[in-house]
Structures are given as C-alpha cells and as structure tokens.
Amino acid sequence: MTASLVSVLFVAAAMVAVGAFATAWRRDATAALAGIPLMFGGAGIAFAGVARFASRAAAAVRPPSTQIVVSVSGPPLGQEAAVLIAIAALALVAMGIGLAARAARTQVTRQESSR
Amino acid sequence: MDSPHAIGFFVSSAIAIGGAVFVALLPGRELRSAALMVAGIGVAGVDASLSAGFAAAVVLVSFAGCAVLLARPDYRAFNWTGGGTWRQLGGLGAALVFLSLAYAAYRGAFAHVQFNGGALGTAAVGRLLLAHDAFATEAIAVAVVIALVVLTLLWRARERDR
C-alpha cells in the first residue's frame, strides 16, 4: 500500500470542495465561516504533498540524453505555504466572526427601529 | 512512502473528509465546532504523514482556534444568502470544483523525487519563514494583527452597547 501525489491532490480537492459547499450551503454567515478553514486546509494539504513528492523534479531534465534526472527534493516551500495558509485561515475566521456579529447587530437594530 | 505512512495518510484523509462533511451538514454550533476539530485532526494527520510535522502542529492549533471561535456562546445568527436557488447553485459549483480539481490531479504527469527532509522539517521551514521569505511571514503577521484589532474593536463596541 502506498500513497502518491495523485492521492494527496484528490484529498485536497475533496477538502476544498466540501469547504466551498459548507460556505455556500449555510444560511448563517457565522456558520458559513466554518468552510474557510476546510478550504484553506485542503490547499495546505496540496502544498505539503507537492513539497513531499515533486519539488524541483520538473526542472531536472538533462537536455542531451533526454534522461529525466530523479533528484532530491529542495527546500520545503510547500510546507512553508501550508503553515502560512493555516495562520491566515485563523485570522480570516476571527475577522469574519467579528464582522458577522456587527452585521447581525445592525440588522436587529434596523428591525427594531422599523417597528 | 512506506506502508505505515500510507495507512496513516488514508486513515487521516477519511477522518478529515468525514469531519468536513459533518461541518457542512450538522446543525448546532457545538456539534459543528466538534466536527471542525475532528476535521483538523484529520488534516494534521495527513500533513504529518507527508513528513510535514511542523505544518501539522500549526494546522491543529489553527483548527482548534477556529472551532473555539465558532463555538462561542454569544453566537448571533445573521442570514446572508438570498433564496434556496443560490444555495443549490453553490452546492453544484462545489461539485464542479471537485470534479475539475480531481480530473486535473488524475491527468497530471508528475515527476517524483527522493524526499530528503525529516519527519518534522521544523528547521527547514523555520529557515524559510524567518530568512528566505521573511516578507511573506511579516505580511501574514500584519494580517493576524489586523484581524485581532478588528475583533477587539467590535467586541468593545458590543460591550458599550450593553
């Protein structure tokens, strides 16, 4: 049993799609925010998978013999992107919750003043 | 990837996707936050099986923070969607996103390399974050500060209203 980059990208695609579905399906804006970490987590999985399986390989082609050189992986740039994306997701959810609470209060105030 | 890592990858993937589906469908903020935490454990497990242990730790903390924020007791609902048609179109769009991404992954001709990093990769990621791409790190730090400032200001405004 083994897992390849295709398996990793399948899982990442499923996470992104389920996150998009959660965001689109929820009527409540605060509940819809739960889809953001799912989508960002899926993107982070894709970045980490590329860093694990395929970094720098595409550029390592030797022209004269057209032989593909299987080299070692480079710096884990994908892991770095996954870390930054995870932090950005938390910040986005925090800001979104604050803005949704503000909008809900404005909505309630307008309803009360119209009565 | 050897068999133990592969088993960990597939089990973690099932946990992550199952938790994500429950986040999308479960009613109630407590259940939804618990499902988000389960999805975070799955995503962290996937990252750990991909030899990205440091990213897994950060992802776990991030999902836990999001779950705590979404489970706040002073939750106030705010409807933002119009009708059911837009929601159904959104669900259809999510399915199309999955199909297109899965097709791109299936058709992609990827070259593989020998992975020479450790299980955690903390030192390499730290070098990238703090030396090579310090500007990106600072940009994310500024975004976090802005989010915290917005959250604090809105919280203070709410307390004043009370």
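**Notebook: chains A and B**

I started with the interface: 75 residues of chain B are in contact with 73 residues of chain A, contact being C-beta atoms, placed from the backbone, within 7 Å. This is a predicted model, where local features need pLDDT of at least 70, side-chain atom pairs count only at pLDDT 80 or more, and totals for chains, interfaces and linings use all residues. Residues are numbered from 1 along each chain as its sequence is written, and chains are lettered from A and ligands numbered from 1 in the order in which they are written.

Next I looked up what chain B brings to chain A. α1 (3-25), α2, α3, α4 (84-107), α5 (122-132) and α6 (134-161) each supply at least two residues; helices are DSSP runs of H or I, at least four residues, numbered from the N terminus. That side of chain B divides into 54 nonpolar, 15 polar and 6 charged residues. Nonpolar here is Ala, Val, Leu, Ile, Met, Phe, Trp, Tyr, Cys and Pro, charged is Asp, Glu, Lys and Arg, and the others, Gly among them, are polar.

Then the largest nonpolar core (buried Ala, Val, Leu, Ile, Met, Phe, Trp, Tyr and Cys joined through C-beta atoms within 7 Å). Of its 82 residues, M15(A), V18(A), A86(A) and L36(B) touch the most other members. Helix α4 (residues 77-114) of chain A gives the largest share, 16 residues. Away from its neighbours within four places in sequence, M15(A) contacts residues including L38(A), I45(A), A16(B) and A20(B).

Last, S51(B): I found it in the loop between α2 (29-49) and α3 (53-70) of chain B. Its phi is near 60 degrees, positive though the residue is not glycine. S51(B) is buried, with 22 other C-beta atoms within 10 Å; the cut-off is 20 or more.

How values were computed. A residue is buried if 20 or more other C-beta atoms lie within 10 Å of its own, exposed if 12 or fewer, and partly exposed in between; C-beta atoms are placed from the backbone. Two residues are in contact if their C-beta atoms, placed from the backbone, lie within 7 Å.
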